[in-house]
Amino acid sequence: MSTNDIIDTLAGIEPGSALDAIRARRLQARENAQKSYLSLFEPIDAGDFSLAERAAVAAFVTGLHGESPVAAFYREKLAANVDGAPLLEAIKAEIERGKTSGPYGAFPAGPLSVEDKAGLIYRVSAERKPGLGNRLVAALEHAHLLVFRPRDAASADMKTLLAAGWSTAGIVTFSQLVAFLSFQVRVVSGLRMLAAASASEAQS
Amino acid sequence: MSTVNPPVVFTQDELGWVSWIDPLPEAELTERHYAGLVDRARAKSDYFRLLVRDPEVLEARTKTDKDIFYNVADGLPRAERELAAAATSRYNGCIYCASVHARFASTYSKRRDDVQRLLDEGVGADLGERWNAVVKASVALAETPIAFGPDNIAELRRVGLDDAEIVDVINGASFFNWANRLMLSLGEPSK
């Protein structure tokens, strides 16, 4: 399937523009950021992590970063999935409950402890747990940790995911998805900012 | 599981990394997995044999990583791409990632003491205006919500970066928001 480059689309980079030429100098990175996206959202095998779950986690993670074309894109992906659409309102409500500022969390006990920073330990609201189910509840709570306080991660978090029904392979793909989106949303934001800075310079 | 001896400070020493969940056993690797590993030698690493449980994602991730950091035909010098990676890792709190990329930053810049100050003092260390601008931009990109803005771009331009070099900063810093989250959450460093 031929797809427009997702980062270029979300960043508003037009063919033939200055940023298009700059991105072309890192062609392997551009093509493989695209392949990462396709491998995560159009996988060969979604047996360990369903497409609806992927879309729900993606909408949640990108929404936690604040409103943006990236967040809107993944909300639409969730709404377009038959099993995902019924989750949309719950995900939107949980994004609002989970919004905060990061990174925060604790360092290993020792000299770095002076840099420890407390913050929200997000848990899905009790009223929405039945609708989301055990797997997604555990996934959203872990995704929030990955977004805002990755240095708090502990081996017990893996046990929590396994106990909620995630396989080891599923945890790997889920972790890659959250981590990849942390990259994608930043590249898009950075490129948009650079394009805007160049445009305002050209006008002055 | 072997005994873990976690570091409690940022360091340029070589560290190990121990997985919290089971990597794929080496005996179970197929050609599909080797394609995902990209370099066959990575079959010896627990980290890569864990990530290879999703070979297509690992392959694309690895090739993205390599081009962002190793393609130095043009653009930002390697030392400053590594600085962006080390600063991002310092700010997010990934002691393992910071150790690897601080070593690379030292190797390529020959400024080992400055790199060590970044690790010891944190992202507020004064490393001279050009490096300060790269560190500040990396930190702004690591924040959630993302704080990278026109001031970061103006500052990067003021210290001499052109737009292609600024894109290398954006790519390098953003990539480590990917890498840090994997290394921090799937296992832990060990001395």
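**Close-up 1. The two domains of chain B.** In this predicted model, chain B splits into domain 1, residues 16-69, and domain 2, residues 77-185. Measuring from C-alpha atoms, you would find the centres of domain 1 and domain 2 of chain B 25 Å apart. Where the two domains meet, domain 1 of chain B gives five residues and domain 2 of chain B gives six. Helix α3 (residues 55-70) of chain B supplies the largest share of the domain 1 side, with four residues. By type, that domain 1 side has three nonpolar residues, one polar and one charged.

**Close-up 2. Two helices of chain B packed together.** Here helix α7 (residues 129-142) of chain B packs with helix α9 (residues 163-186) of chain B at an angle of about 45°, and their axes are 9 Å apart. An angle that is neither under 35 degrees nor in the range 65 to 115 nor over 145 counts as oblique, and α7(B) and α9(B) are therefore oblique to each other. Their crossing is right-handed. Look for B:Val134 and B:Leu141 among the contact residues of α7(B), and for B:Ile170 and B:Asn177 among those of α9(B). Seven residues of this contact are nonpolar, three are polar and none is charged.

**Close-up 3. Where chain A meets chain B.** Now for the two chains: 57 residues of chain A are in contact with 51 residues of chain B. On the chain A side, the elements giving two or more residues include α2 (18-24), α3 (27-41) and α7 (129-148). The largest share of that side, 21 residues, belongs to α9(A). Sorted by type, the chain A side holds 31 nonpolar, 19 polar and seven charged residues.

Key: Residues numbered from 1 in each chain as written. Chains lettered and ligands numbered in written order. Predicted model: local features only at pLDDT ≥ 70, side-chain atom pairs only at ≥ 80, totals over all residues. Contact = placed C-beta atoms within 7 Å. Nonpolar A, V, L, I, M, F, W, Y, C, P; charged D, E, K, R; others polar. Domains from an automatic or database assignment. Axes fitted to C-alpha atoms, helices over the stretch in contact; angles between N-to-C directions. Left-handed = near helix turned anticlockwise from the far one by under 90°.
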